Amino acid sequence: MISYHALEDRLVKRFLKNGMFEGEPERDIYGNYQKAFELVKSKATVPTDEEIKENSRARSAKMRVGIKAG
């Protein structure tokens, strides 16, 4: 997912962690949270200086990648 603002990024992080935008995630019978996605990297990928020179609107973009747990 790609987000362009801090508020959007917060929603994306919450969705990748819990599988929902708001509220409490489901728990298993032992009380542990079930993960919706496995994060590929813990940090967001941001554009390089070269990309920003080519496209100045890319400067605030953050990309987060997760694989659906199943």
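**Exercise 1.** Which side chains does a polar contact of 2.9 Å join? Place the partners in this predicted model.

*Solution.*
- Step 1. The pair is Asp9 and Arg64, linked through their side chains at 2.9 Å.
- Step 2. Locate Asp9: helix H1, residues 6-18, contains this residue.
- Step 3. List what Asp9 touches, leaving out residues up to four places away in sequence: Ser3, Lys62 and Arg64.

**Exercise 2.** Is Asp9 buried or exposed?

*Solution.*
- Step 1. Take the relative accessibility of Asp9: 7%.
- Step 2. Apply the cut-off: buried means under 20%.
- Step 3. Asp9 is at 7%, so Asp9 counts as buried.
- Step 4. Turn to the whole chain: 17% of its 70 residues count as buried.

**Exercise 3.** Trace the fold along the sequence.

*Solution.*
- Step 1. Count the elements: two helices and four strands.
- Step 2. Order them: β-α-β-α-β-β.
- Step 3. Check sequence range. Take contacts between residues at least 6 apart; 47% of these join residues at least 24 apart.

**Exercise 4.** What radius of gyration does the chain have, against that of a compact globule of 70 residues?

*Solution.*
- Step 1. The globule would come near 11 Å.
- Step 2. The chain has 15 Å.
- Step 3. Add the box along the principal axes: the C-alpha atoms fill roughly 50 × 20 × 15 Å.

**Exercise 5.** Describe the surface and the charges.

*Solution.*
- Step 1. The exposed area is about 6100 Å², with 53% supplied by carbon and sulfur atoms.
- Step 2. Count the charged side chains: 14 positive and 11 negative.
- Step 3. Compare the centres of the two sets: they lie 4 Å apart.

Terms used
Residues are numbered from 1 along each chain as its sequence is written. This is a predicted model: local features need pLDDT of at least 70, side-chain atom pairs count only at pLDDT 80 or more; totals for chains, interfaces and linings use all residues. Side-chain values use heavy atoms; hydrogens and water are left out. The radius of gyration is taken over C-alpha atoms; the globule rule is 2.2 Å times the number of residues to the power 0.38. Buried means under 20% relative accessible area, exposed over 50%, partly exposed in between (1.4 Å probe, protein chains only). Contact means heavy atoms within 4.5 Å. Accessible areas come from the Shrake-Rupley method with a 1.4 Å probe; for residues, only the protein chains shown count as cover. Lys and Arg count as positive and Asp and Glu as negative; His and the chain ends are not counted. The place of a charge is taken as NZ of Lys, CZ of Arg, CG of Asp or CD of Glu. A polar contact is a pair of N or O atoms within 3.5 Å; within protein, one must be able to donate a hydrogen and the other to accept it, and residues adjacent in sequence count only if both atoms are side-chain atoms.
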